[in-house]
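Here are some exercises to work through with the model open beside you. Try each task yourself before you read its solution.

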Amino acid sequence: MTRMYDAAVLGAGLAGSSLAKSLAGQGWDTLLLDRKPFPRHKVCGEFLSPESQSTLDAVGLGNTIFALDPVRISLIRLIFENGAELEIPLPGPALGLSRYSLDSALHHAAEQAGASLWTATTVTAIRSAKHGFSVDIKQNGQSGTVEARTVIAAWGANGHAGLPGYRQQDSSKPSYIGVKSHFRALALEPVIELYFFRGGYMGICPVEGGILNVSALLRRDAFSPAGQSVLSMIKAAARRNPRLNRKLALAEAVPGTQAAVAPVQLSRKLATWEGLPLLGDSAAMIPPLCGDGMSMALRSASICAPLADRCLRGELSAAEWEQAYSRSIRKAFKGPLQWGRFLQGLLSMPSAESWLPHAAKLAPALTRHIVQATRLKPL
């Protein structure tokens, strides 16, 4: 007889893991699964904003995060190709923490709350069933089926082809690739640095253990000749910004920490529900330059959890859940998404390095306001 779960959460990233922890903590028999193995390194700025920390605190994960010894960060520094520089203070302390450690901690918290965790498990189909949903899976080369009263999609921006949340690449839009590697360096500052150059930008963020996370968003047409390895693309990008090139020349790549993801779609529209609730990057992507994507993932889970709980208790219909979730997500994310895309476009302009640092210094309050507009409101 096939086991019936109360909830199946598809995707064990930040949104899925925190949601599974919340539902299991409410007493629901919860399955958390992901198509890839863990622990693993992921392409991410590895920057927990003050807003994301408030969400983690609200779901009882604040102490878990601080136990991982993250780096406290209070300043963002923008460095342009011509050497111009702009410093922007953060509204509160942010944290530098690797996804390798963060995801592992969230998985442990979900399991401690009672959730079952299956990794290296691919979802091949989702069907409506008499008492909820049937989810076809493939694990270790074997096919099987899981049944759940409710199913929630939290499997990221690219999702699974043919399943809810999947976005086909729009060939008329620029195609990007995200790359990441950890580096060891001689000196670490508690500062996030963003280096801009033709064809993309690179962020450097200190994380636990005296390590620098180096991640970049690159236009594929600008870096295709650089070779296929992550490190070759990072080195090719660094050569386009002299200060970045000098900084990375003194750093040593940490073996096994390289990762890449493509395509990265910056123009995806917000979608909250496609037969299933969509969480985190499955719903939309705050432009990576704004550094609040992890906050959005966590916030979508915190909005979804009480509604899912009420639906499982019979206090809300699925239609009422969809309406309430969609309304709350749009209210929380509409402004940051709009301002994030504006800021991403502004900083991507070739002429930005010639006038933006001067304009920001003349109007620092306006600069802080625009940056703050890209962030979710703290809980």
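A residue counts as buried when its relative accessible area is under 20%. Keep that cut-off at hand, and remember that this is a predicted model.

**Exercise 1. Classify Ala352 as buried or exposed, and describe its surroundings.**

Step 1. Find the residue: Ala352 lies in helix H10, which covers residues 352–362.

Step 2. Apply the cut-off. Ala352 has a relative accessibility of 1%, so it counts as buried.

Step 3. List its contacts. Setting aside neighbours within four places in sequence, Ala352 is in contact with Leu346, Leu347 and Pro357.

Step 4. Look further along the chain. Phe196 is 156 residues from Ala352 in sequence, yet their C-alpha atoms are 9.8 Å apart.

**Exercise 2. Get an overview of the chain: how many helices and strands are there, and what share of the residues is buried?**

Step 1. Count the elements: the chain has 11 helices and 15 strands.

Step 2. Turn to burial. Of the 379 residues, 54% are buried.

Step 3. Check how far contacts reach along the sequence. Taking contacts between residues at least 6 apart, 71% join residues at least 24 apart.

**Exercise 3. Explore the largest nonpolar core: which element gives the most residues to it?**

Step 1. Start with the core itself. It has 70 residues, and those with the most contacts inside it are Leu19, Leu48, Leu279, Trp321 and Tyr325.

Step 2. See which elements take part. Those that give two or more residues include strand S1 (4–10), helix H1 (14–25), helix H8 (293–312) and helix H9 (318–348).

Step 3. Pick out the main contributor: H8 gives the most, with 12 residues.

Step 4. Note that there is also a second, separate core of 24 residues, which includes Phe47, Phe80, Tyr201 and Leu343.

Step 5. Zoom in on one member of the largest core. Leaving out residues up to four places away in sequence, Leu279 touches Ala15, Leu19, Ile152, Ala153, Ala154, Ser300, Ala301, Cys304 and Tyr325.

**Exercise 4. Work out how H1 and H8 are arranged: at what angle do their axes cross?**

Step 1. Read the geometry: the axes come within 8 Å and cross at roughly 30 degrees.

Step 2. Interpret the angle. Angles under 35 degrees count as roughly parallel, so H1 is roughly parallel to H8.

Step 3. Add the handedness: H1 passes H8 in a right-handed crossing.

Step 4. Name the residues. H1 contributes Leu14, Ala15, Ser18, Leu19, Ser22 and Leu23, while the H8 side includes Met294, Ala297, Leu298, Ser300 and Ala301.

Step 5. Sort the contact by class: it has 11 nonpolar, 3 polar and 1 charged residues.

Step 6. Follow one polar member. Ser18 is in helix H1, and its relative accessible area of 3% makes it buried. Not counting residues up to four places away in sequence, Ser18 touches Leu61, Leu298 and Ala301.

**Exercise 5. Now look at H2 and H8: is their crossing left-handed or right-handed?**

Step 1. Begin with the axes. Helix H2 (residues 50–58) and H8 have axes that come within 9 Å and cross at roughly 30 degrees.

Step 2. Use the angle again: H2 and H8 are therefore roughly parallel to each other.

Step 3. Settle the question: the crossing of H2 and H8 is left-handed.

Step 4. Find who meets whom. Glu51, Ser52, Ser54, Thr55 and Leu56 of H2 make the contact with Ser295, Leu298, Arg299 and Ser302 of H8.

Step 5. Sort by class: here there are 2 nonpolar, 5 polar and 2 charged residues.

**Exercise 6. Describe helix H6: how many of its residues are buried, and where does it meet H7?**

Step 1. Count the buried residues. H6 covers residues 230–238, and 7 of its 9 residues are buried.

Step 2. Name them: Val230, Ser232, Met233, Ile234, Ala236, Ala237 and Ala238.

Step 3. Bring in the partner. H6 packs against helix H7 (residues 242–249) at an angle of about 135 degrees, with the axes 8 Å apart. That angle makes H6 oblique to H7.

Step 4. Locate the contact: Ile234, Ala237 and Ala238 of H6 meet Leu244, Asn245 and Leu248 of H7. By class, this contact has 5 nonpolar, 1 polar and no charged residues.

Conventions. Residues are numbered from 1 along each chain as its sequence is written. This is a predicted model: local features need pLDDT of at least 70, side-chain atom pairs count only at pLDDT 80 or more; totals for chains, interfaces and linings use all residues. Side-chain values use heavy atoms; hydrogens and water are left out. A nonpolar core is a set of buried Ala, Val, Leu, Ile, Met, Phe, Trp, Tyr and Cys residues joined through side-chain atoms within 4.5 Å. Buried means under 20% relative accessible area, exposed over 50%, partly exposed in between (1.4 Å probe, protein chains only). Helices (H or I, at least four residues) and strands (E, at least two) are DSSP runs, numbered from the N terminus. Contact means heavy atoms within 4.5 Å. Axes are lines fitted to C-alpha atoms, for helices over the stretch in contact, and angles run from 0 to 180 degrees between N-to-C directions. Angles under 35 degrees count as roughly parallel, over 145 as roughly antiparallel, 65 to 115 as roughly perpendicular and the rest as oblique. A crossing is left-handed if the near helix is turned anticlockwise from the far one by less than a right angle, and right-handed if clockwise. Ala, Val, Leu, Ile, Met, Phe, Trp, Tyr, Cys and Pro count as nonpolar, Asp, Glu, Lys and Arg as charged, and the others, Gly among them, as polar.
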